[in-house]
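Biologist: I have the model open here. Can we go through how it is put together, starting with the packing?

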Amino acid sequence: MAPVVMRLVASAYAMAEKAGVIVRRVLQSGELGIVEKTGANDLQTLADRLVQQSICASLSKSFPKITIIGEEDLPEEAVKEDLIESGQSEDILQKSCPAEYSALKEEELVVWVDPLDGTKEYTEGLLDHVTVLIGIAYGGKAIAGVINQPFFNYQLGAESADMGRTLWGMPGLGAFGFELQEVPDGRRIVTTTRSHSNKLVTDTVDAMEPHDVIRVGGAGNKIIQLVEGKASAYVFASLGTKKWDTCAPEAILHAVGGKLTDMHGSALCYDANVKHMNSAGVLATLRNHQYYASRVPQSVLQALKP
């Protein structure tokens, strides 16, 4: 039988695919069920609620001893049977587990779930920004990640069989579901927040002396920009992202040799009992992390305490 962590990733893959179907179905219904959580930039939709129920209930059923931390604060209620996903990706089960993870036990693993990253963009029709994130951590480190993009290729039209895709990765094993590309040599293209900007963010982006700046929604989406060669750094010098935004993307980025830290260059911790907010910001790169970390203004570092 495959090691626990490989079975967990194989299950998370199937759950992410199902999540993509749910997200598309809610959009097609036209009934998004939007509620404001803390304000107009912090929204929750029916898709957020259904996907979180689906992933968390499915994980609990197949892996009763893992710790699951989801973004949405939902009431305890029975989850409908059709939201439960018990399938697994055969492809992933066939892969050999990196030696350092092969003996991990269920109770040592923490899963961070963002049922819909880019909710605001989802409600505004910026569908390519939207992702579903399932990150797996052990010993405080992100060791595997699954990202579903429900509307990948959506420009091809609703009937396209190629709509949606799932990316996944594991440091020591590699990353799959996309083609790794790099920004042309010497180009500094920074991707940053679309709707949560402030002076700290703009000062930091300016300090990187970018040739271009891409403002898009969703942390998962920004990491995809890095691994597909559209951006060379993801710079967010502010509060706003949480551990469920960064766990899955970080694992995929690390699997291809990239790096994700806070603005001070320190690693993020994904233990079950850490605070959820990434209070010292996020800096992610595919290459040359040191260059970007060295450009962060002193005033920003003082303002953002870990």
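**Cores and sheet**

Modeller: This is a predicted model. Its largest nonpolar core has 48 residues, and those with the most contacts inside it are Trp-112, Tyr-234, Val-235, Leu-253, Leu-260, Met-263 and Tyr-270.

Biologist: Which helix gives the most to this core?

Modeller: Helix H7, residues 243-255, with six residues.

Biologist: And what is Leu-253 in contact with, leaving aside its neighbours within four places in sequence?

Modeller: Ile-223, Leu-226 and Val-227, then Gly-258, Lys-259 and Leu-260, and finally Ala-284, Thr-285 and Leu-286.

Biologist: How many residues are in the other core?

Modeller: That one, lying apart from the largest core, has 42 residues, including Ala-47, Tyr-101, Val-132 and Ile-143.

Biologist: Now the sheet. What is the strand order?

Modeller: S3-S4-S5-S6-S7-S8, six strands in an open sheet with mixed pairing.

Biologist: Which strands stand at the edges?

Modeller: S3 (67-70) and S8 (174-176). Each has a single partner strand, so one side of each is left without a neighbour in the sheet. From one strand to the next, the twist averages 15°.

Biologist: In what sense do S5 and S6 pair?

Modeller: Antiparallel, over seven bridges, between residues 131-138 of S5 and 141-149 of S6. As one example, Gly-135 has Gly-145 in S6 as its bridge partner.

Biologist: Which strands does H2 lie across?

Modeller: Helix H2 (residues 46-62) lies across S3, S4 and S5. Relative to S4 (109-117), H2 runs at about 160°.

Key
Residues numbered from 1 in each chain as written. Predicted model: local features only at pLDDT ≥ 70, side-chain atom pairs only at ≥ 80, totals over all residues. Heavy atoms only, no water. Pairing = 2+ DSSP bridges. Helix = DSSP H or I, 4+ residues; strand = E, 2+ residues; numbered from the N terminus. Axes fitted to C-alpha atoms, helices over the stretch in contact; angles between N-to-C directions. Contact = heavy atoms within 4.5 Å. Core = buried A, V, L, I, M, F, W, Y, C linked by side-chain atoms within 4.5 Å. Buried < 20%, exposed > 50% of the residue type's maximum accessible area, 1.4 Å probe, protein only.
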